[in-house]
Amino acid sequence: MKTREITNGVNWLGAIDWDRRLFDSLIPLPDGTSYNAYLIEGSEKTALIDTVDPPMTDTLMGQLEDVLRIDYVISNHAEADHSGAIPAVLAKYPDAKLLCSKPAKAILIESLAISEDRMRVVEDGERLSLGDKNLQFIYTPWVHWPETMVTYLEENAILFSCDFFGSHIAGSDLYATDEGRVYEAAKRYFAEIMLPFRAQIRKNLEKLSTYDISMIAPSHGPIYQRPKFIVDAYDKWASDRVKNLVVVPYVSMHGSTRKMVEYLASSLMERGVAVQQFDLTTTDIGKLAMALVDAATIVIGTPTVLGGPHPTAAYAALLANALRAKAKFLSVVGSYGWGGKSVETLAGMIPKLKVEVLNPVLCKGAPNEETRRALDALSAEIEKRHAGEIVSNQSRVPA
Ligand code: FEO
C-alpha cells in the first residue's frame with residue numbers, strides 16, 4: 001500500500017485492515033477498518049501523526065522506507081491501534097521526539113516501554129513550527145480515552161482527529177464520498193467509542209467550533225472534505241435527545257418470550273411508536289449499540305432461567321449500562337416457569353442509566369389474553385411517556 005497525497009506536504013500513510021471483524025473483542029466490524037497515519041513535511045521539520053495497529057507495523061515501515069528524517073512523532077491517542085508502531089518508528093529515527101498530551105505520557109511509557117528521554121509533553125493549545133507549516137495541539141479528553149488530543153494544521157485548516165469522528169471502514173476511497181455508507185459506519189463507531197462520554201464529546205465539539213476546519217482527517221476510515229457532515233451527526237448523536245423508538249433486545253428459549261416481544265412490537269407500531277427488535281442469539285451487537293444512540297425506551301425480553309434473567313439478556317443490560325444508553329425508560333417482558341428474580345436482577349445491572357423502570361410484564365408459561373392486555377397497557381404507557389419526553393426535548397425526528 002503506497003502513501004497518498006492529500007495536499008502539498010501532507011500525505012496519508014497507514015494500513016487498511018480489510019479482514020478485521022471485531023473491535024475490542026466486542027463490536028463487529030462488517031466493513032473492516034483502517035489505521036490512518038499522516039506525514040506532514042514542513043520546510044524545516046517533518047512530523048508523523050499517529051501510527052498503526054501492531055500487526056500492521058511492516059506496512060507503515062515500508063511506507064517510511066524513503067523518508068529520511070522524522071523530527072516528531074505525534075501520538076494523539078495512546079491506544080495500541082494508533083500507538084502500536086511507535087517503538088519501531090522511534091527506532092528507525094533515533095533523533096525523533098515523541099510528542100503527546102500530559103496524561104498520555106505515563107500510558108505510553110507503561111504500554112510501550114518508551115524511554116522518557118525520547119518524549120516531550122505538549123500543552124493544550126501549544127503550537128509547533130515545522131517551518132512553513134504550523135501545528136497546534138488541542139486537548140480533547142475522552143475521545144476515546146482520558147488522554148486524547150487532536151492536532152490542527154493551521155495553513156491547510158486540517159484537523160487530525162484520531163478516534164474522534166472516525167469510522168470503521170476498509171475501503172479504497174481516501175475521502176468520504178459515499179456519505180450514506182460512512183454515516184452508518186461512523187454511527188456504529190460512535191455507539192461503542194463515544195456514546196459513554198457524551199458530555200465530554202459535547203464540550204469538545206464546542207471547543208473545536210472556534211476553529212476554521214476545511215478537512216477532518218481521522219485515524220479510522222475516510223477523510224471528510226465536508227466536515228459539517230460528520231460534525232452535524234456528532235451534534236445529534238452526542239445530545240441527550242432521543243427518538244420515538246423502542247429497542248427490544250430479547251432471548252427466548254421455547255418461544256413464549258418471543259411471542260410476547262412480537263405482540264408488544266406490533267402494539268407499539270399500531271400506536272406509531274417505532275421499534276427495533278433484536279434476537280440476541282443471532283443479532284449484530286453493533287446494530288443494537290447503534291439503536292441505543294436513539295431509543296427513548298429499552299424493553300428487555302427474557303425468560304426466567306435458573307432463578308434469574310437469561311445470561312444473554314443480562315449481557316444486553318450490561319452492554320446498555322456500559323455504553324450509557326440515552327434511554328429514559330426501561331421495562332422487562334418475559335415468561336417464567338415457577339418464579340425468580342429476573343426484573344430485580346436486570347434492574348441491578350444498569351446503575352449508570354438514567355431510566356425510569358416501567359411496569360414489567362411477566363407471564364407464567366405461554367402468554368394468554370391477560371398477558372396481551374398487560375402488554376397493550378405497557379405499549380400505551382410507552383406511547384404516553386414518549387409523547388411527553390419527545391415534546392419536552394423537541395426532537396420528534398422519524399426513527
Ligand atoms: Fe482507535 Fe481508541 O483507538
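**Two pockets in a predicted model**

Q: Why is the largest pocket said to lie between domain 1 (4–237) and domain 2 (246–382)?
A: Both domains, with bounds from an automatic or database domain assignment, give residues to the lining of the largest pocket, so this pocket lies between them. The structure is a predicted model, in which local features need pLDDT of at least 70, side-chain atom pairs count only at pLDDT 80 or more, and totals for chains, interfaces and linings use all residues. Residues are numbered from 1 along each chain as its sequence is written, and side-chain values use heavy atoms, with hydrogens and water left out.

Q: What makes a residue part of the lining of the largest pocket?
A: On a 1 Å grid over the protein atoms alone, a pocket is an open set of points where a 1.4 Å probe fits, with protein on both sides within 12 Å along at least five of seven lines, and a lining residue has an atom within 4 Å of a point. The largest pocket holds about 340 Å³ of space, the volume being the space filled by probe spheres set on the points, which are joined across faces, edges and corners. Its lining has 16 residues, and among the closest to the centre are Arg198, Asp240 and Arg324.

Q: How many residues in the lining of the largest pocket are charged?
A: Asp, Glu, Lys and Arg count as charged, Ala, Val, Leu, Ile, Met, Phe, Trp, Tyr, Cys and Pro as nonpolar, and the others, Gly among them, as polar; the lining divides into 8 charged, 7 nonpolar and 1 polar. The lining of the second largest pocket has no charged residues, with 10 polar and 6 nonpolar.
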